[in-house]
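Open the model in your viewer and keep the selection tool at hand. The tour moves from one selection to the next.

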Amino acid sequence: MDSPLRLGIAGLGTVGASVVRLIETHNDALAAQLSRRISVVAVSARKRERPRGLKIDRYDWHDDPVSLARSNSIDVFVELIGGGDDGPARSSIRAALKTGKSVVTANKALLARQGVKLAKLAEERGAQLSFEAAVGGGIPIIKTLREALAGNRLTRLYGILNGTCNFILTRMEGGANYADALKEAQKLGYAEADPSFDVEGLDAAQKLTILTSVAFGTEIDRETTFVEGISSIEPEDIAAADELGYRIKLLAVAQRTESGIEQRVHPTMVPRDCDIARISGVTNAVAVEGDFIGAVMLSGPGAGGDATASAVVGDIVDLARGVRMPPLGRPAASLEPYRRAPMRAHEGGYYLRLKIQDRPGAFAAIARRMADAGISLHSVLQRNRPIGSAPKRSAEEVQPVTIITHSTTEETMRSVLSKMESEGEVHGRPKMIRIEAL
Ligand SMILES: NC(=O)c1ccc[n+]([C@@H]2O[C@H](COP(=O)([O-])OP(=O)(O)OC[C@H]3O[C@@H](n4cnc5c(N)ncnc54)[C@H](OP(=O)(O)O)[C@@H]3O)[C@@H](O)[C@H]2O)c1
């Protein structure tokens, strides 16, 4: 047996405690695979006395994760505290890398902000920085992009990166309204008391920026992602999508285009029979398209202590085997600057839900306006009052119209919608959902 790989684990919450349990449970099997033991030797958390279902007395205790990160008694520092720029996660990771120790982390918030800087520091000090668990929980998407698909020129990736949103949308397909679906997600522990980070798409956006960097060899850019959340989705949209052969997903998409890379997170209509449409509940999925592979999709648990621990331990096993590679897939100094494709240049089909006046010619005016802008209509759902029904109560009565368009640009679509509004051709704000061609 080679010498053991000695771990210091900072953070013993949902993920940290599962990592310790996994290593204790599979210690002999891992040793047999690796010809060396993986040993937790020291840990750090906020409150030593907190019950965790672990025998932590057998490990050295550090009140301060930075002191653990610097300790000579460990080979690898595992950061599972969480938090962004200014907390103990960042200072302890930097301390470990500066002493040449490799780091395993699940911290998407920190990587989205500091990933390139940390990768450079790791490379300078001859250390590894591994973060499989930071995106997609247990789904091995970082390894897939960085290693298995390295031979491809990747063109697009898209995924369901937030289980909370997918759970809510799945419940809405079952008939719930948004507020009730959110309440249920909170009751089950899938959504926080303040759900805005998840439902407004910010969590998925953070993860997307990391994937974009690894997939396309660009610096991480978290400032310019286009983000729209799911809180404006109404049961009428879910029902119309179903009737027209689509499902609505919060999709995170990164795509090469002629004008740069699109990085966007928004509610998206996807054809009901495509693979990603079938991902329901809290499950996550990521699909990747490349020139030689065609398309691949990975799906699985995107969160939860045990699934995330599986990804963390996968990284630790790589370190035990001596696997070395640039954290972001290529040397950090050779990452290209992220060139943002402006959202107004985005091209795709659109779903529109409009309220128009119930009078002859109202729809014709809208159809003409679209035609004048070069937008062709794919399908239209219009519910007229049944022939023979009671006469209209007022000239102001409105009726809903749902339209699916063929591909056009975001700029054209926005300009047409704003003209319809300013000319009084529609009542209220039109609802617009982008359609992804899959
Ligand atoms: N939970 C998931 O499903 C999931 C999935 C993917 C990625 N992640 C990522 O994994 C990381 C950990 O998440 P989690 O859900 O396990 O968080 P958590 O349950 O809140 O655990 C955080 C741990 O950090 C400890 N901690 C907080 N401040 C500390 C400090 N100043 N010094 C030392 N320890 C400190 C806490 O100590 P006490 O226990 O004493 O309070 C706790 O043990 C985050 O980056 C998160 O984004 C989580």
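Select the shell of residues around the ligand and colour by residue class: 10 are nonpolar, eight polar and five charged. Keep in mind that this is a predicted model.

Now count the shell: 23 residues surround the ligand. Label the closest of them, which are Val 15, Lys 47, Arg 50, Arg 52 and Gly 304.

Next, zoom in on the backbone. Which ligand atom does a backbone N or O atom of Lys 47 approach? An oxygen atom, at 2.7 Å. So Lys 47 appears twice on this stop: among the closest residues and through its backbone.

Step to Thr 14. A backbone N or O atom there lies 2.9 Å from a ligand oxygen. Then pick Gly 13, where a backbone N or O atom sits 3.0 Å from an oxygen atom of the ligand.

Switch on the surface. On its own the ligand has 900 Å² of accessible area, and the protein covers 78% of that.

Leave the ligand and select helix H5, residues 108-124. Add helix H10, residues 202-216. How do the two pack, and at what angle? Their axes are 9 Å apart, and the angle is about 50°. The pair is therefore oblique, since the angle falls between 35 and 65 degrees. Look along the contact: H5 passes H10 in a left-handed crossing.

Keep H5 and swap H10 for helix H4, residues 88-98. Here the axes lie 10 Å apart and the angle is about 15°. Being under 35 degrees, that makes H4 roughly parallel to H5. The crossing of H4 and H5 is right-handed.

Technical notes:
Residues are numbered from 1 along each chain as its sequence is written. This is a predicted model: local features need pLDDT of at least 70, side-chain atom pairs count only at pLDDT 80 or more; totals for chains, interfaces and linings use all residues. Side-chain values use heavy atoms; hydrogens and water are left out. A residue is near a molecule or strand if one of its heavy atoms lies within 4 Å of it. A polar contact is a pair of N or O atoms within 3.5 Å; within protein, one must be able to donate a hydrogen and the other to accept it, and residues adjacent in sequence count only if both atoms are side-chain atoms. Accessible areas come from the Shrake-Rupley method with a 1.4 Å probe; for residues, only the protein chains shown count as cover. Ala, Val, Leu, Ile, Met, Phe, Trp, Tyr, Cys and Pro count as nonpolar, Asp, Glu, Lys and Arg as charged, and the others, Gly among them, as polar. Axes are lines fitted to C-alpha atoms, for helices over the stretch in contact, and angles run from 0 to 180 degrees between N-to-C directions. Helices (H or I, at least four residues) and strands (E, at least two) are DSSP runs, numbered from the N terminus. Angles under 35 degrees count as roughly parallel, over 145 as roughly antiparallel, 65 to 115 as roughly perpendicular and the rest as oblique. A crossing is left-handed if the near helix is turned anticlockwise from the far one by less than a right angle, and right-handed if clockwise.
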